[in-house]
Structure formats: C-alpha cells, structure tokens
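Please find below a colleague's note on this structure, set out as numbered points. It is meant to be read alongside the sequence and the coordinates.

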Amino acid sequence: MEQTIAAVLFVPTIIVTVLIFATVIRRLLGVRVSLVRTLLAAVLALVITTPILTALAPADPSAVGGGEAFLLGTASIVVAALLAMAALVVLEVLLPTGSLPGPVEAWRGARRRIARTRRYATIVRIALRHGLGRFLRGRPPAGPASAAARRRLARSLRAALDEGGVTFVKVGQLLSTRRDLLPTEFVDELTALQDRVAPVPWPQVAAVLTAELGRPIEEAFRDIDEEPLAAASVAQVHAARLPDGTEVVVKVQRPGVATVVERDLDILFRLADLLEDRTSWGRTFGVRGLAAGFAEALREELDFTVERDNLQSMAAALAGSPGRGLQVPTAYAELSSERVLVMGRLPGTPLGAAGDVLDRLGAERRAALAAGLLDSMLDQILVHGVFHVDLHPGNLLIGDDGELGMLDLGSVGRIDAVTRTAIGQLLLAVGRGDAVGVSDALLRLLDRPDAVDERELQRVVGALIVRYAAPGSTVGVAAVAAILQTFTAHGLGVPPSVAAVFRAVTTLEGTLALIHSGFDLVGQARASARRRITETFTVGNVRDALEQELVALLPLLRGLPRRLDRIGDAVEHGRLRFTVRLFADEQDRRLVTGLLHQTLLALIGATAGVMAALLLGAGGGPRVTTGITLFPLLGYGLLVVSVVLVLRVLVTIFRRE
C-alpha cells in the first residue's frame, strides 16, 4: 500500500519539481524562451541534480550533518540549474527559437520539401538537357562570348524556360523587357516565348464558374460557349451572353494553376538566393530583387480582381482624355472574383490581323489613328499614372470605324506624381536637345549611386539625343538598348516602374508602325509635348496652380510668426538647444553593434581561456566519476568555448566581403 501511495505521489512531485526548475530558469535568464525548451532544460536539471550531489558529497555520507546536507543539496540544485541554463543558451545559439517547426508544420514541410525536391530534379534535368548546367554551378564563361555563341545560349535558355512551364515562361517574358540587363540576342529570343497551352475540359471550367459565381451558370448567363476563344497557361476565355443579351467574354483561371505557381515561385526564390550568393553576375543583376518583383506581378496576374480594378481605372483615365478613339472592355464587378472575370466583348479585329481594315481607312485616317494612340499613351503616363505596359498588336482590336480597343490589362504600369513630373521634364529636355536637362531629369528619375560622373553622363546623353532624337529618328529597340546600356555603364539603377515605361514605349512603336508605316514618333511626341506645355500655361491653369500652392502654404505661413517668436524667446533667455541623435542611421547602428559584439566575443573568449588555464593548472576538485574530477572537466570545457569564440572573431576579421 505504501509503495502504491509513493508511486502515485512520485509523478506529481516530479512534475512540480520540473515546473519549479522551469520557472526559475526562465526567470533567471530574463528573456522569453519557448516553453518546450524551458521544460527540457528543467528535466535536464532534475536528472543531473543527483549525480552532482553524489560528486559533492564526502565519501562517508553518515558523517554529514543536517546543515551540511542542506548546503550540499542547495549547491547541487544551483549547479544543476546553472548547467541547464548554459545548455539552454547553447541551444538558443545553435538553434534559435522558431528555427525548428512544430510537429504538424514539420510534417507539412516534409511534404512540401519532397514536392520541391522532385521539381528541383525536373528543373535540373531541363537545364542539363539544354546545356545550362554550368550556370547552375556558378561557373563563369572562359572569355567574352561571340554573338553566335550568345545566340546559341539564348536559344537554349528559351527552350528550357518554355519546357519549364507557366512560371518560367512568365520569367522569360519578363526578362525580354529588361534590355538594361540582357544582351540583345537574349531579348530577341525570349520575345518569341509563347504562352499557349491546351484548353481545360469544360466540366472543370464549369466547376470553377459555379464555385466562384455561387449559383448555377444558367442563372448568370443566357448562354456560354464551351469552346474557348483562347487558352493560355493562366486562364482561358469563353464567349457568353448575359440574361439581357449583352455579349461578354468570361475569363476563367485554370484549376490548380495557383498551387503550381506558388511552388515554382518558392523554387525561384531559392534559385535567386543561390545565384546572388554564389555568382558575380547574380549580384550584378540583383536577381533576388528581380525575383521579388516578378513574384508580385505574377500574383497580381493570378488575382482577377486586380485586372477588374485596372479596367475600371483605365476606363476612368480614358474618359478624362476624350477624342483619342480608344476604349477598354467594361468590367462586370458583380460577376467577377479572384478566379473569374466577366468583361464586355469589344467588336473588332485583332490589329495584327486587320490589314484589310487598315487599308480601307486610308493613309490620312491611319496617321490620325496612330497619333491618337500615342497621345492616349502619353496621357496615361504623364497625367493619370496608369498605363498599358504591353500594347502590342495582339492586345489591340480595331473596329470597322477605326475605333481601337485595349485588351489584357492584367498587369499595368503605375507611376507616382514625382516620377510623372520627372518623365515630363525628361521629354521636354529631349525636345529642346538639352543634354544637361536630360541628365538632371534622369538623375531624379533613376536610382543613382553615391558617385556619378555627371559631366561624362551629359556628354553621352548629348550624343544619344543627336543620334536618336533628331527629326525622323526612331526610338526603337536600338535606341532603348543604347539608353539602358548608358544607365548601366554609369551605375544608374532602373526602377521597375520606369522600366515599364521604356517597355511600353518600345512596344508601342512597333504597333504605331503597323498602323501607319511612316509615322514619326519623335516628331509627334515633340508636338504633343508642346501642346501640353501650351495647355499647362493657360491663364486658367496658372491661376488654378497658384491657388493650389497658396492653399498648401497657408498653414505653414500661419504658423511661421509663432515659430519665429518661440525661437527668438529661446535665444533671448538662453534656452535654445540643438538635439542630435547619435547613430540615427540604421547602417551606423549595425556597424557599432557589430563592433560591440565582436569585442564582447573576444573578451569572453579571452576570459574563458584564462579560466580554463587556471582550472587545468589547479586540478583536483570534486570527483565526477572514479577517474574524472570537476576542475579539469570544467577547464577543458572552457578551453573549447574559448577556442570557438576566438576563432569566430578571427574569421569575421579576416573574411573578405
């Protein structure tokens, strides 16, 4: 019976003792540590208390009095708690809290890791199959590659991206717009990437429609064509009619594409980290930032509510610039969701296949149509800050009356007022042939390094203006490539929003040339800029601008006398003080913190080394086992700690960044 009672009381006693140890350890450390780790440390303290007490006790336990037994027990508990705290600190250093997932998350992570490993293997096989394996290993080329070698490599890259699937096709399409990063051979080859796949069977499409609409398809549409008008890797489009007979198109996201994209984006981020950490060209291109921008754009493309909002924003922008002969489909918000977009169906023929329609319009009408399209794009960029980034002929419909309609607004460019002002100043300076003005506008528009040779930049920009901005010149691929190469040569970073503007203008020139082969883009842009200046400086606009500035300055002007009075009063009575914050800059704080950390590590390492030498020299101490005493054991442990800390400091000192 007594044994049963003892067994029953043993477990609660152990639990209470562990909790007491855990509370004391967490309290003494003074930092938040996970409960699981604290309990493990408490269990460790409980387990080693008895061996420590045995080592501290004399050989004859019967000779120990009550007071001595209490002191020995207290000492063993304190030493056990300290060792447990040290073990907990070491564990936190090696595996910080949060670095290890919980059981459920570990299981899910293992499944994701298995799927990712399979995808890795597939990607590596594709890269090796197309001769790209050396780039995954970060091996630099033996020397400057010839144009023929670059073309072969570009073809291999295009084929590999095409075989990789939707995410990698989108990567290639994005890279085809970055002439500031890739040679012309790569850009030309990646432009040929096609985003066409086999259509999804209608039952799967119908299931998505029913789930997103929240009602049967027959209630939302009078009829819908089960055969898609077009099918791409992200979505496919079906023609339909609303109950009132209005013709619409229904864009439906392919089932499961979001999961595939997120899996590939995870791999893409890891590849970007690998390339930026291990290759010089990856650091030069900033592939980690490119991957982040691409992921954001692709996630927007997967969310059809973004395209719905873009349609509404573009419709409002076009309404504010009437007379351009341009329209966008009407978005039906009540029928749209993240995976379904219902738009009005615009009449017309894709511009790339509308040769007969253009021939019937005549040269004069075609010139006016091209001028209206250019003016509309300039309005979108300079006035509204929302513009179509990819106005190629496939994204434009033309009606029999010459009315143009824009399609595919899943990804539009957005620029803020400051960027719009800088672009406007850039265009005005180009129109005047002012190299200094162009350089100043570029430095405000782009991400400039700490040191820029502005005189050299002005000379290069002046040569570009003479070459590409003269009457009759074109701002085609060669011009944009030369401009972007100038940016790169002078260390000027091109923000994604500005790169989108260059992409839009380059793409638009080819579309304008298709509408009217003799269209003078530079001359028309100059004329449009002069007209905008004239409109800006009318009496009414100047008066409105002055009124707005005065309204903005009024609160400042009202408070100015009071502020001056306070400053004068403080000077008069000797209370004027200047507050300066040391280390206000984040980089300065990181530098000082790093130096303090290294100093503390060196000091602790040196102290541990001295203590180790003293303990090893002293020898003896309480016996841990029959052949091991405490002082040498602690000495060797401190020696290991000292060597590790000193080596860590030395590695940091001699490491080359």
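1. Arginine 366 counts as buried in this predicted model, because its relative accessibility is 18% and the buried class covers values under 20%. The side chain of arginine 366 forms a salt bridge with that of aspartate 359, at 3.6 Å from N to O. Aspartate 359, by contrast, is exposed, with a relative accessible area of 54%.

2. A second salt bridge joins the side chains of arginine 308 and aspartate 309, with an N to O distance of 3.3 Å. Here arginine 308 counts as buried at 18% relative accessibility, whereas aspartate 309 is partly exposed at 32%.

3. The salt bridge between aspartate 223 and arginine 241 has an N to O distance of 2.7 Å. Aspartate 223 belongs to strand β1 (residues 223–224) and arginine 241 to strand β3 (residues 235–241), so the contact ties together parts that are 18 residues apart in sequence. Aspartate 223 is partly exposed, at 31% relative accessibility. Arginine 241 is also partly exposed, with a relative accessible area of 31%.

4. The structure holds 11 salt bridges. Arg119, Arg263 and Asp264 are linked in a network of such bridges.

5. The strands that carry the pair of point 3 are also joined through their backbones: β1 and β3 pair in the antiparallel sense over two bridges. Within this pairing, isoleucine 224 stands opposite alanine 240 of β3. Alanine 240 has a bridge partner in β4 as well, namely valine 248.

6. Strand β3 runs antiparallel to β4 (residues 247–253), and seven bridges join the two. Five residues lie between the strands of this hairpin, in which glycine 245 takes a positive phi near 95 degrees. Strand β3 also runs antiparallel to β2 (residues 230–231), to which two bridges join it. The hairpin of β2 and β3 has three residues between the strands, and alanine 231 stands opposite glutamine 236 of β3.

7. How many of the seven residues of β3 are buried? Five of them are, so this strand is largely enclosed by the rest of the structure.

8. An open sheet of four strands follows the order β5-β10-β9-β7, with mixed pairing. Its edge strands are β5 (326–327) and β7 (349–350), each of which pairs on one side only. Strand β7 pairs with β9 (residues 396–398) in the antiparallel sense over two bridges. Proline 350 has leucine 397 of β9 as its bridge partner.

9. Helix α13 (residues 287–302) comprises 16 residues and reaches 22 Å from its first C-alpha to its last, close to the 22 Å expected at 1.5 Å a residue. Its buried residues are Val287, Ala291, Phe294, Ala295, Leu298 and Leu302. Seen down the helix axis, the buried residues of α13 fall within an arc of 105 degrees, so they line one face of the helix.

10. Two results concern aromatic rings. A search of the whole structure finds zero aromatic pairs. Phenylalanine 304 nevertheless has a charged neighbour: lysine 251 lies over the face of its ring, at 5.1 Å from the ring centre.

Terms used
Residues numbered from 1 in each chain as written. Predicted model: local features only at pLDDT ≥ 70, side-chain atom pairs only at ≥ 80, totals over all residues. Heavy atoms only, no water. Salt bridge = Lys/Arg side-chain N within 4 Å of Asp/Glu carboxyl O. Buried < 20%, exposed > 50% of the residue type's maximum accessible area, 1.4 Å probe, protein only. Expected span 1.5 Å × (residues − 1). Arc of directions from axis to C-beta. Phe/Tyr/Trp six-rings, centres within 6.5 Å; stacked < 30°, edge-to-face > 60°. Lys NZ or Arg CZ within 6 Å of the ring centre and 35° of its normal. Pairing = 2+ DSSP bridges.
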